[in-house]
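Hi,

Here is the structure I said I would pass on. Have a look at it first, and my notes on what turned up are below.

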Amino acid sequence: MESILHKEYTVVQDDYVNAGKVSSDIKSTLAEIGISPKVIRKIAVASYESEINLIIHAWGGKVFMDVNDDGSVALVFKDPGPGIPDLEKALTPGWSTASEKARGMGFGAGMGLPNIQRVSDEFNIESSPAGTTLSLLFRSPV
Amino acid sequence: MTIKELIEKTGWKLATPTLDTSAEIVGAYCGDLLSWVMGNGEPQQAWITVQVHANVIAVALLREFSCIIVADGANVTEEFAAKAAAEELVVLESGLPVFESAKKLVELGI
């Protein structure tokens with residue numbers, strides 16, 4: 001499996017105004033190269049939730065997208081901290097540590113990571129105080 | 001039913017008058033928690049919400065909703081309407097509570 005298209009983005013902590021821009025670019029890029037709308041919709045859910053996590057929970061971070069030669073799409077979200085103290089709780093639907101500010105805008109439902117996990121074909125998350133890396137893979141239907 | 005027909009039948013205010021309203025509405029989703037909307041909404045639905053800020057526009061576009069229906073008289077600012085228009089997202093204001101707005105859609109067969 002080899003990458004045929006690679007893109008990188010930077011997401012800034014607390015930048016609610018630009019939230020969704022990265023996901024929107026990922027979505028339009030994948031549409032342009034002909035990834036199926038059904039797969040794109042799943043990717044849009046996962047990328048938006050992950051982008052929001054970088055904004056409201058992490059100290060910002062980087063997003064890496066690769067389209068592979070087998071039609072699968074890999075997304076990696078990497079942040080510099082502060083890490084998720086209890087991953088099991090973070091993956092529990094309804095559990096949230098979002099701030100009042102974020103909740104006031106309708107974030108913090110505790111459905112972010114569960115949503116991401118549900119729509120991804122492969123889901124891997126590693127977290128320590130030095131940062132969190134979320135790796136996702138979406139396969140294209142044959 | 002198209003957005004245009006919905007406006008004709010309800011008299012709801014179109015906050016983005018420069019946009020085309022010929023898109024079809026297929027069902028609706030009610031909710032204000034963005035992750036629930038993101039996780040459960042479907043393309044072409046009308047989204048009934050009281051949230052009015054830039055992230056609502058992002059979610060609506062990513063979820064491919066046909067339009068947003070702002071309920072309960074939540075304040076649609078000029079800035080919000082302008083941003084939605086720039087992103088080609090139709091915004092309506094029902095002036096009714098969420099339940100009454102949804103009921104109206106059901107009555108009209110959406």
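A quick definition before anything else: I call a residue buried when its relative accessible area is under 20%, exposed when that value is over 50%, and partly exposed in between. By that yardstick, buried residues make up 51% of the 110 residues in chain B. For chain A, 49% of the 142 residues count as buried. Please keep in mind that this is a predicted model.

**The two chains**

Chain A has five helices and five strands, and along the sequence they come in the order β-α-α-β-β-α-α-α-β-β. Its radius of gyration is 14 Å, close to the 14 Å that the globule rule gives for 142 residues, so chain A is as compact as a globular protein of that length. Its C-alpha atoms fill a box of roughly 40 × 30 × 25 Å along the principal axes. If you take the contacts in chain A with a separation of 6 or more, 64% of them are between residues 24 or more positions apart.

Chain B also has five helices and five strands, arranged as α-β-β-α-β-α-β-α-β-α. A compact globule with 110 residues would have a radius of gyration near 13 Å, and the 12 Å of chain B agrees with that. The C-alpha trace of chain B spans about 30 × 30 × 25 Å along its principal axes. In chain B, residues 24 or more positions apart account for 48% of the contacts with a separation of 6 or more.

On the surface side, chain A exposes about 6,900 Å², with 54% of it supplied by carbon and sulfur atoms. The accessible surface of chain B is about 4,900 Å², and 51% of that belongs to carbon and sulfur atoms. As for charge, chain A carries 13 positive and 18 negative side chains, and the centres of the two sets are 6 Å apart. Chain B has 7 positive and 15 negative charges, whose mean positions lie 5 Å apart.

**Where they meet**

How many residues of chain A are in contact with chain B? There are 22, and they touch 18 residues of chain B. The size of an interface is often given as the accessible area lost when the parts come together. Here the area buried between chain A and chain B is about 1,600 Å², and carbon and sulfur atoms give 57% of it. On the chain A side, Arg41(A), Tyr48(A) and Met105(A) lose the most area to chain B, together 30% of what that side buries.

**Two helices with a lot of cover**

Helix H3 of chain B (residues 54-63) has eight of its 10 residues buried, so it is largely enclosed by the rest of the structure. The buried set includes Val56(B), Ile57(B), Val59(B) and Leu62(B), along with Asn55(B) and Arg63(B). Within chain B, these buried residues of H3(B) pack against H2, strand E3 (46-49), strand E4 (67-70) and helix H4 (78-86), and from chain A they meet helix H1 (21-32) and H2.

Helix H5 of chain A (residues 112-119) is mostly covered too, with six of its eight residues buried. Those are Gly112(A), Leu113(A), Pro114(A), Asn115(A), Ile116(A) and Val119(A). Their packing partners include helix H2 (37-56) and strand E5 (131-138) of chain A, as well as helix H2 (34-40) of chain B.

**Single residues to look at**

Most residues other than glycine have a negative phi, and most peptide bonds are trans. A few spots here go the other way:

- Glu64(B) comes right after H3(B) and has a positive phi near 60 degrees. Glu64(B) sits in the loop between H3 and E4 of chain B and is partly exposed, at 28% relative accessibility.
- Gln44(B) has a positive phi of about 75 degrees. Gln44(B) is in the loop between H2 and E3 of chain B and is partly exposed, with a relative accessible area of 39%.
- The peptide bond from Gly81(A) to Pro82(A) is cis, with omega near 10 degrees. Pro82(A) lies in the loop between strand E3 (73-79) and H3 of chain A.

One more, for its surroundings: Asn68(A), in strand E2 (residues 61-68) of chain A. Is Asn68(A) buried or exposed? With 6% relative accessibility, Asn68(A) counts as buried. Leaving aside neighbours within four places in sequence, Asn68(A) is in contact with residues including Met1(A), Glu2(A), Ala74(A) and Leu137(A).

Cheers

Note on methods:
Residues numbered from 1 in each chain as written. Chains lettered and ligands numbered in written order. Predicted model: local features only at pLDDT ≥ 70, side-chain atom pairs only at ≥ 80, totals over all residues. Heavy atoms only, no water. Buried < 20%, exposed > 50% of the residue type's maximum accessible area, 1.4 Å probe, protein only. Helix = DSSP H or I, 4+ residues; strand = E, 2+ residues; numbered from the N terminus. Contact = heavy atoms within 4.5 Å. Rg over C-alpha atoms; globule rule 2.2 N^0.38 Å. Areas by Shrake-Rupley, 256 points an atom, 1.4 Å probe, with all protein chains shown as cover. Lys, Arg positive; Asp, Glu negative; His and termini not counted. Charge placed at Lys NZ, Arg CZ, Asp CG, Glu CD. Buried area = accessible area lost by both parts, 1.4 Å probe.
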